[in-house]
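Student: I've got a protein model open and I'm not sure how to read it. Could you walk me through some features?

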Amino acid sequence: MIRRLGLISTLALATALGGCAAMPGLGSRSDTAAVSAAALAPVDYVRDIHSFARPEIARVRHVALDLTADFATKTLSGTAALDITAEPGADEIVLDVRNLDIQDVRDAAGAPLQYETGSVDPILGQPLTVRFPAFAPGEQRRIVIRYATRPDAAALQWLTPAQTAGGRQPYMFSQGQAVLTRTWVPTQDSPGIRQTWDARIVAPSDLKVVMSAEGLTASGEPAGPGMTAWRFRMTNPVPPYLIAIAVGDVAFAAIDERTGVWSEPSMLAGARAELVSTAQMVDVAERLYGPYRWGRYDILVLPPSFPFGGMENPRLTFATPTIIAGDQSLVSLVAHELAHSWSGNLVTNATWADFWLNEGFTVYFENRIMEALYGQERALMLQSLGWGDLQSTLADLPPADTRLKLDLTGRDPDDGLTDVAYEKGAAFLRTIERTVGRERFDVWLKGYFERNAFRPMTTELFLEDIRTDLVAGDAALESQLMMDAWIYQPGMPSNWQPPVSNAFVPVDAAARGFFADKRPASTIPWAGWSTQERQRFLAWRPEGRTGTADWLTDAQLADLEATLNLRQEGNAELVFAWLQIAVQHRFQPAVPTLEHFLTTMGRRKFVLPLFTSLWAEGDWGRSIATPLYARARPGYHPVTTGSVDAVVGRP
Ligand SMILES: [Zn+2]
């Protein structure tokens, strides 16, 4: 049965979000015929407090970029042509820009258009309002913005050759989520306003350009002395945060006919070997929740400064090199980014307050892929590690931020980027699965992706969908599921059952033996353990441990470091877990390992907690953190420095 979410849902949403006067414009039409036609139309956009756009008046449909990458000035410059539609009579469109140099705005015939930028908000940037003659009914028009980015554009990181693996060529890459695309593309930068796009990018001829889109020029086209042009197109409408670019000395290795790996040539063989299971993952994901709708699925392994584990840019996941552990032990990250091809890229959180719809669904789906490929025990271990992370997060966050639906009024959307969206969101879906049975849950979830493909999704529309298609009026089931409690209340509802991994029972016993009963490290069966078991061991903490009170002696720490060979450890997750223990004990012998780790990668998940722990250790930690951050900071992405500056201060 096809049921579309139209006007009524949209209006209900306006109320739920606090009823902006100009909420999703379908309801603002005075023409009754138009309203009833709109009621049958899918949700096309949702008003978003993190965007200046007013899509109910005029809306971007397509973005065509024509930009030149200049590594000397660290800028992209050229034009963005926007195809727009508008309500009859509309004579302006409002776009999002931040830190852009706008040179002019013209119509399709080249005639200049009036425009103005509003006052600057440090997080949201500025509205760019472009004026034009009133729109006629059904009209579509193109406006062309000539502009340049600034060298400190927050979405773009310009790396010197020294900051790359190869060391000979510069590199540039983008990170758009959550509200950074507006620092390099002037458009309506809201996840609820999907746009198709294409691009022509000119770059120095010894570099390649890759984007989150179909490449139309396998080897580039001549574009003047020493320069090459690359063309791309994305014909599926996507939220602007998924427009992504990288320019560098990169090469490609196929895994199978639709999957492959891009990276700097020196890392390519290792990256391909590590990620070879990607091809099977796509097959497994399709068997679970329907066809992969994006064509190719490739992974770009970035230089070490990439601030995230992975970013699910369509057709081309961007990934940190810290997943290259040498033994495929961290590939759940690929399962995660791949799962986003459904949850996030196909069905997208309409606003950042609905972020759990992207991440909770994705963590759930990721774990199903891992279970299908590696078995239930590994999947349970991963769930259990996630639950451990979530418990610390729940203890640290103010209760209001432990609700799935967030209130981000006046806040940076990055504030919502916590384990709550990821792990509590997944726990919620596992609770539904356990309650209704996997078979029934899978039918609903597959249908959810189909019904809502290429559309924005709010928490309220999700509730409407699941109540209609899964709960279906069953009052007993409705009360068993406790959906409103999961979404709108802090903490974990009473129907939550934590995952139990039998594999962790002996690990926990060994951890108690070493950490609490002070047995020697030689009693730890480390060599026989998987990465997940090792992570569990290093995450062990005494019950009720508070503050920074030491719970290990220097002799124990030295025993642990030497016996487990932690100075030579290559698995970034394990290095991180060990360094957290070491810093919390002011264990001086581990400082060189810490300095090496923090100056050779910029993944925020590792960098921010370690600097936070150092800072918490008073003079000892601060005297290490301050000079170390001054040294490491130039190698970090603005996403990472933005977070660490707030802890350590800007050097
Ligand atoms: Zn994710």
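Student: Let's pick a residue. Is Arg586 buried, partly exposed or exposed?

Tutor: Look at how much of its area is accessible. Partly exposed covers the range between 20% and 50%, and Arg586 has a relative accessibility of 42%, so it counts as partly exposed. Keep in mind that this is a predicted model.

Student: Where does Arg586 sit in the chain?

Tutor: In the loop between helix H16 (572–584) and H17. Its backbone deserves a look too. Most residues other than glycine have a negative phi. Arg586 has a positive phi, near 50°.

Student: Which other residue, not a glycine, has a positive phi, near 55°?

Tutor: That's Met482. You'll find Met482 in the loop between helix H11 (475–481) and helix H12 (483–488). With a relative accessibility of 26%, Met482 is partly exposed.

Student: What about peptide bonds? Where can I see a cis one?

Tutor: Most peptide bonds are trans. Go to the bond from Gln177 to Ala178: that one is cis, with omega near 0°. Ala178 belongs to the loop between strand E9 (171–174) and E10.

Student: E10 comes up there. Which residues does strand E10 cover?

Tutor: Residues 195–204, and Gln195 is in that strand. Buried means under 20% relative accessible area, and Gln195 is at 2%, so it's buried.

Student: What does Gln195 touch, leaving out residues up to four places away in sequence?

Tutor: Quite a list: Val60, Arg61, Val63, Thr187, Gln188, Asn236, Pro237, Val238 and Pro240. You can also pick a residue elsewhere in the chain and check the distance in space. Gln195 and Pro589 are 394 residues apart along the chain, and their C-alpha atoms are separated by 53 Å.

Student: Can I try that with a residue in a helix? How far apart in space are Thr431 and Leu481?

Tutor: C-alpha to C-alpha, Thr431 and Leu481 are 7.4 Å apart, with their positions 50 residues apart in sequence. Thr431 is part of helix H8 (residues 419–436). It is buried, at 2% relative accessible area. Leaving out residues up to four places away in sequence, Thr431 touches Trp486, Asn495 and Trp496.

Student: Now helices against each other. At what angle do H17 and H19 pack?

Tutor: For a helix pair, check the angle, the distance and the handedness. Helix H17 (residues 591–600) and helix H19 (residues 618–632) pack at about 30°, and their axes are 10 Å apart. The crossing of H17 past H19 is right-handed.

Student: Which residues make that contact?

Tutor: H17 brings Val591, Leu594, Glu595, Leu598 and Thr599, while H19 brings Trp620, Ile624, Leu628, Arg631 and Ala632. Sorted by character, the contact of H17 with H19 has 7 nonpolar, 1 polar and 2 charged residues.

Student: Let's zoom out. How many helices and strands does the chain have?

Tutor: The count is 20 helices and 22 strands. For overall shape, compare the radius of gyration with the globule rule. The chain's value is 25 Å, close to the 26 Å the rule gives for 651 residues, so the chain is as compact as a globular protein of that length. The C-alpha trace spans about 80 × 70 × 50 Å along its principal axes.

Student: And what percentage of the residues count as buried?

Tutor: 59% of the 651 residues. As for the accessible surface, the chain has about 24300 Å², and 53% of that belongs to carbon and sulfur atoms.

Conventions: Residues numbered from 1 in each chain as written. Predicted model: local features only at pLDDT ≥ 70, side-chain atom pairs only at ≥ 80, totals over all residues. Heavy atoms only, no water. Axes fitted to C-alpha atoms, helices over the stretch in contact; angles between N-to-C directions. Helix = DSSP H or I, 4+ residues; strand = E, 2+ residues; numbered from the N terminus. Left-handed = near helix turned anticlockwise from the far one by under 90°. Contact = heavy atoms within 4.5 Å. Nonpolar A, V, L, I, M, F, W, Y, C, P; charged D, E, K, R; others polar. Rg over C-alpha atoms; globule rule 2.2 N^0.38 Å. Buried < 20%, exposed > 50% of the residue type's maximum accessible area, 1.4 Å probe, protein only. Areas by Shrake-Rupley, 256 points an atom, 1.4 Å probe, with all protein chains shown as cover.
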